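The following note sets out points for a colleague to consider alongside the model. Each point may be checked against the sequence and the coordinates.

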Amino acid sequence: MPLSARIPAALAALTVTATLAACGSGDAPAATAVDANGNQVVTVAANTDFTTPVQLTVAKVDAIRAKLPKAVLDRGTLVIGGGAIPNGSPPLNFIGTDQKTLTGVESDLGRLVAAVLGLTPDVQNASWQNMFVRTKSGEFDVSFSNITVTEERKQQGFDFASYREDNLGFEVNKDSTWNFDGNYGSFAGKTVAVDTGTNQEKILVEWRTKLQAEGKTLEIRNFADRNATYLALASGRVDIYFAPNPSIAHHAKKTESTPHPSRSAGSFSGAGTTLQGLIAATTKKDSGLVQPVADALNHLIENGQYAKVLAAYGLSDEAVTRAEVNPPGLPINNS
Amino acid sequence: MTSLSPPPTRPAEDLLGRLKSTKVVPLRHPWRWVAGAVALVLLAQAAHALITNDAFQWDAFGYWFFRPVVMDGLLLTLELTGLGAVFGLIGGVALALMRLSRNPVLRAVSWGYVWVFRSIPLIVLLLFLANVTALYSTLSLGIPFGPSFVEFRANDLLSFFVVAVLGLSLHEAAYAAEIVRAGIISVDQGQLEAASALGLPKTRQYRRIILPQATRAIIPNYANQLINLLKGTSVVYITSLLELFGVVQTQASTNSGQIIPLLMVGTVWYVILTSLLSVAQYYLERHFSRGALRTVPATPAQRFRARMRSLGVAR
Amino acid sequence: MTAAVTVRGAVKSYGANRVLDEVDFTAAAGEVTAIIGPSGSGKSTLLRAINHLEPLDSGFVAVHGELIGVRAHRGRLRELSERAILRQRSRIGFVFQNFNLFPHLSVLENVIEAPVVTRGVAKAEAVERARELLAKVGLADKETAYPRQLSGGQQQRVAIARALALRPRLLLFDEPTSALDPELVGDVLAVLRDLAASGTTMIVVTHEIGFARDVADRVVFLDAGRIVEQGPPDQVLLAPREDRTREFLGKLR
């Protein structure tokens, strides 16, 4: 028997055990139902302990549906990717109170898009890196996961349909006296945590350059994940966490009654100093999905369901007026 | 004459005569008692600090410790560790034997394997395997480089669980190979000579003579490796599987007010699993020490019973 | 007198170092041959070549007329298969300087391992035979002990019993007493004497000149890979013809 024949045989043996541990990351049955008229009823902002669920009835739109690739139509499901493993970021994308279903404004928007397209949503959680690979390999039809449009990602083979802007904010410990006064000068001598590879990191680096020109310091710290960042903030190793505003508001609320409460210390436009950063639904380039997804998003915007989802999560400030296909992205790092 | 000058040795001899049947009092070690007491006080202090610091939020700890989602993660950790250890060891033994063989091709292949898989970070290996579908969409069964009989869609065959086990096993085998090889070469060369002088068949020489002796040297190192693996499974999150640490991380990111108690939940479970492994290691070592020590050490249970007997508590 | 062991033109080199240099040697059946010589003279190599633990570069070894480790094929000597060599070895007993008992097996298990595995002897029968042999070497009460619980002399006697368990037609001893404390040497030599008296063919590499004189039928003196002198013990040990033999013996006194 050739060697290559033996390896799959061994793998087959493994697969048997695999079913024991098959990890349920599918959609919770309660989030989407079908009413008597065949419309999908999507319950958004369900499965959390900080929002009030809202039921939205969504009729499928045949004109948009007609633009879907045949393979997706035949399959009847829309595989929606999320990148919240191991860490989610509430209220955007995280595991809900049932401790297993991917929840948040991102996956809810994905469910609504599926409803407009007349497809059954299949929400899958993945690690951040894996989400991109699986989107590119076509395993995920579309990923909703607070993904910023960048020129670099366009080059890597992705299409984008934008649906949200991100506003940034500053988080400090509750007993801190620091507040953002609208000017980068207030960071002098501070240690600031920021997530790597983000829009806000670029802004922070610019501020540091300016401060250094004035002979002042600004120390930037990157942590492996959000949990580590929050621990560093609580222990006083960093003074400020510069992050998306919704996450900060949410975390401040979550820590209210814990030994280490935090608070928001001001916000800042995600436009930064150069260009408005946009969050977008991400598909494999030229898969034929980006246009119908953008159309569905625009349909939701026009019908007001979009505003209701954002309101349910307290994110109305991040609303856009139109979904665009492949809008200008953050330029490739030139620093 | 005797009255004039008694021999000077006389009193000393008396003393020796009296002492020869006297018991020896061992040297007292008061500082040992002091050091012991200090250690106990420090330990008590640490325990007190751990229990009373409200940062640990022991009520939240209690809530999460037996949560089904944590249990699922724990089960996955155990499955990944168990399968990774078994397949890794099988692969490691094969690689070690290849490395020790007289066939230069096998030696080189084994060396190359160990070199490659010790160099590739586990997380990269797992990411690569998880997304092998992007590189090879079908795997086939057939003659090497020739026609294939059956084809599989890579996605169907390589579930994430399989990917994780495969990645951990490939990685583990490289380390196990070196541990097994070290065990085998620690066995005296004369053992093989004696076995072959008796005309024992080659496989018997290894199975009956070399491996049992090598195992003694292998166990402590492999136990170390196993404990590494147990905690190393946490990188499988990259394949989108959530084992114990992944679950703890995910839930902490949703419940960001409970990061510390959730990390403690993970830690305590790892402590429990490591302890169980250590106990298993102790008894395995004891089993394989047969013949290596003049007397096999007593088990803790046996020592406890002996102590009780000597105190007259039990018989 | 038939030849039990015939060595012809044995050559063995390690790199540039010629350990055996055209050695011709014959040992008669039922006789005890003692090989003596300074360390590094090639005596152990010669002994190990006899059961092919040390393959020769050229030349051959035959035991009772059967080539060991090789076969003649179209005028050349070709090495036999591993399996065939192992089968030949199982008919030749070998006792090592360092005993090389299997430390994880009990004394009894050490002795029955080879007969059960290589000869397919039933276990009960092998145990019975092992007990006889252990009694013969004076260790009847040690069968459940592990080798490390025994003294060096006792271990070497177990090793001899292990070699005898295969009922070999030839016994090779590689400095069997060199690793022993002086007071333990006597017990082992006594076992060797018994064996010699029973007519077993034995070749013994040894430093015990007294033993060689008392027990050996022939003494071979080896130096620098060549046989310098051989003959009856009285001749080689008491009235050597060669200067080098005399010099070597002089150093031992």
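1. In this predicted model, residues 5-249 of chain C are covered by the annotation "domain: ABC transporter", which comes from an unreviewed UniProt entry. The annotation may be inferred rather than shown by experiment. Within that span, helix accounts for 37% and strand for 28%. The C-alpha atoms at the two ends of the span are 26 Å apart.

2. Chain C also takes part in an interface with chain B: 22 residues of chain C are in contact with 19 residues of chain B. On the chain B side, the elements that contribute two or more residues are helix 10 (189-197) and helix 11 (202-232). Helix 10 of chain B supplies the largest share of that side, six residues. By residue class, the chain B side comprises eight nonpolar, six polar and five charged residues.

3. Helix 11 of chain B also packs against helix 4 (residues 68-100) of chain B, at an angle of about 140° and with the axes 9 Å apart. An angle over 145 degrees would count as roughly antiparallel; at about 140°, helix 4 and helix 11 of chain B are therefore oblique to each other. Their crossing is right-handed.

4. Which residues of helix 4 of chain B meet helix 11 of chain B? They are B:Thr77, B:Thr81, B:Gly84 and B:Ala85, and the residues they meet in helix 11 are B:Leu226, B:Leu229 and B:Leu230. The residues of this helix-helix contact divide into four nonpolar and three polar, with no charged residue.

Conventions:
Residues numbered from 1 in each chain as written. Chains lettered and ligands numbered in written order. Predicted model: local features only at pLDDT ≥ 70, side-chain atom pairs only at ≥ 80, totals over all residues. Contact = placed C-beta atoms within 7 Å. Helix = DSSP H or I, 4+ residues; strand = E, 2+ residues; numbered from the N terminus. Nonpolar A, V, L, I, M, F, W, Y, C, P; charged D, E, K, R; others polar. Axes fitted to C-alpha atoms, helices over the stretch in contact; angles between N-to-C directions. Parallel < 35°, antiparallel > 145°, perpendicular 65-115°, else oblique. Left-handed = near helix turned anticlockwise from the far one by under 90°.
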